[in-house]
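Subject: Structure handover

Hi,

Here is the structure I promised to pass on. Please open it first, then read my notes below with it on screen.

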Amino acid sequence: MTAITSNMQNPFVRALQKSGLLAEDLDYHVVRASMVIMFLFFGYQKWFPYEFERLVPFISNGPLIWWLYPVFGHAGASYFLGASEWTFGTLLLAGFWSTRLGVLGALGSTGTFIATVTIIPFMPDGWDVAAGGFPAMTGNVPFLMKDVVLLAVSFYLLRQDVVRLIRE
């Protein structure tokens with residue numbers, strides 16, 4: 001109880017409380033907004049030829065997305081991914097107002113990052129032999145490692161939205 005009383009008297013803590021930075025849902029909203037921005041920017045890239053070629057090693061070695069090239073071709077696969085990313089980003093944005101749409105966005109986001117994280121073990125030359133191999137990342141693997149965190153963020157949003165949906 002003394003710690004609470006002394007914290008309430010601390011001007012820094014009082015200023016944080018007044019600013020809203022200690023609001024109960026702030027982390028949830030910041031994480032959701034970050035994911036919306038991320039899907040917006042990554043989805044945008046997929047509509048341009050420079051990205052078609054950059055995706056080749058990822059799609060070609062992805063155990064869950066390899067089928068995109070035979071079905072859609074290089075440009076079509078990129079467009080498919082861009083449309084999917086914009087759809088999931090839009091659903092996550094709508095999740096600020098609709099928990100059900102937020103759940104759909106979080107499900108799409110989770111699926112996206114399951115698909116990209118599973119590429120990591122199959123990426124050729126992903127571990128630097130000169131540095132002893134695994135865990136010395138090289139090539140495209142370091143870029144994909146961010147998706148491990150984005151997968152965790154997606155699970156967090158999915159859990160938060162399902163709990164909120166149950167409480168409605």
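A residue counts as buried when its relative accessible area is under 20%, as exposed when that area is over 50%, and as partly exposed in between. Take K46: its relative accessibility is 4%, so K46 is buried. Keep in mind that this is a predicted model.

**Salt bridges**

How many salt bridges does a search of the whole structure find? The search finds five. Here are some of them.

Start with K46, since you have just met it. K46 forms a salt bridge with E51. Their closest N and O atoms are 3.9 Å apart. The cut-off for a salt bridge is within 4 Å, so this pair counts. E51 has a relative accessible area of 6%, so E51 is buried. The pair also belongs to a network: salt bridges link K46, E51 and E85.

Next, look at R32 and D161. Their side chains meet in a salt bridge, with 2.4 Å from N to O. R32 lies in helix 3 and D161 in helix 8, so this salt bridge ties together parts that are 129 residues apart in sequence. Are these two residues buried or exposed? R32 is buried, and D161 is buried too.

Then go to K146 and D147. Their side chains form a salt bridge as well, at 2.5 Å from N to O. D147 has a relative accessible area of 3%, so D147 is buried. K146 has 28% relative accessibility, so K146 is partly exposed. K146 sits in helix 8. Find T116 while you are there. K146 and T116 are 30 residues apart in sequence, and their C-alpha atoms are 9.9 Å apart in space.

**How helix 3 meets other helices**

Helix 3 covers residues 26–45. Follow its axis past three other helices.

Helix 6 covers residues 68–94. The axes of helix 3 and helix 6 come within 8 Å and cross at roughly 160°. That angle is over 145 degrees, so helix 3 is roughly antiparallel to helix 6. The crossing of helix 3 and helix 6 is left-handed.

Helix 7 covers residues 99–117. The axes of helix 3 and helix 7 come within 12 Å, and they cross at roughly 60°. Helix 3 and helix 7 are therefore oblique to each other. Their crossing is left-handed.

Helix 8 covers residues 141–167. Its axis comes within 11 Å of the axis of helix 3, and the two cross at roughly 130°. Helix 3 and helix 8 are therefore oblique to each other. This crossing is also left-handed. Recall that R32 in helix 3 and D161 in helix 8 form a salt bridge.

**A nonpolar patch on the surface**

Now turn to the surface. A nonpolar patch of about 890 Å² is found there. The residues that make it are I37, L40, F41, Y44, W47, F48, Y50, Y79 and W86. Two elements give two or more residues to the patch: helix 3 and helix 6. Which helix gives the largest share? Helix 3 does, with four residues.

Y79 is a good one to check. Y79 is in helix 6. Its relative accessibility is 33%, so Y79 is partly exposed. Patch residues need over 30% relative accessible area, so Y79 meets that cut-off.

**Two more residues to find**

L93 is in helix 6 too. Its relative accessible area is 37%, so L93 is partly exposed. L93 and M38 are 55 residues apart along the chain. Their C-alpha atoms are separated by 11 Å.

F12 is in helix 2, which covers residues 11–19. Is F12 buried or exposed? Its relative accessible area is 56%, so F12 is exposed. Pair F12 with F39. They are 27 residues apart in sequence, and 35 Å lie between their C-alpha atoms.

Best wishes

Notes:
Residues numbered from 1 in each chain as written. Predicted model: local features only at pLDDT ≥ 70, side-chain atom pairs only at ≥ 80, totals over all residues. Heavy atoms only, no water. Patch = residues over 30% accessible without salt bridge, like charges linked within 9 Å, V, L, I, M, F, W, Y side chains within 5 Å. Areas by Shrake-Rupley, 256 points an atom, 1.4 Å probe, with all protein chains shown as cover. Buried < 20%, exposed > 50% of the residue type's maximum accessible area, 1.4 Å probe, protein only. Axes fitted to C-alpha atoms, helices over the stretch in contact; angles between N-to-C directions. Parallel < 35°, antiparallel > 145°, perpendicular 65-115°, else oblique. Left-handed = near helix turned anticlockwise from the far one by under 90°.
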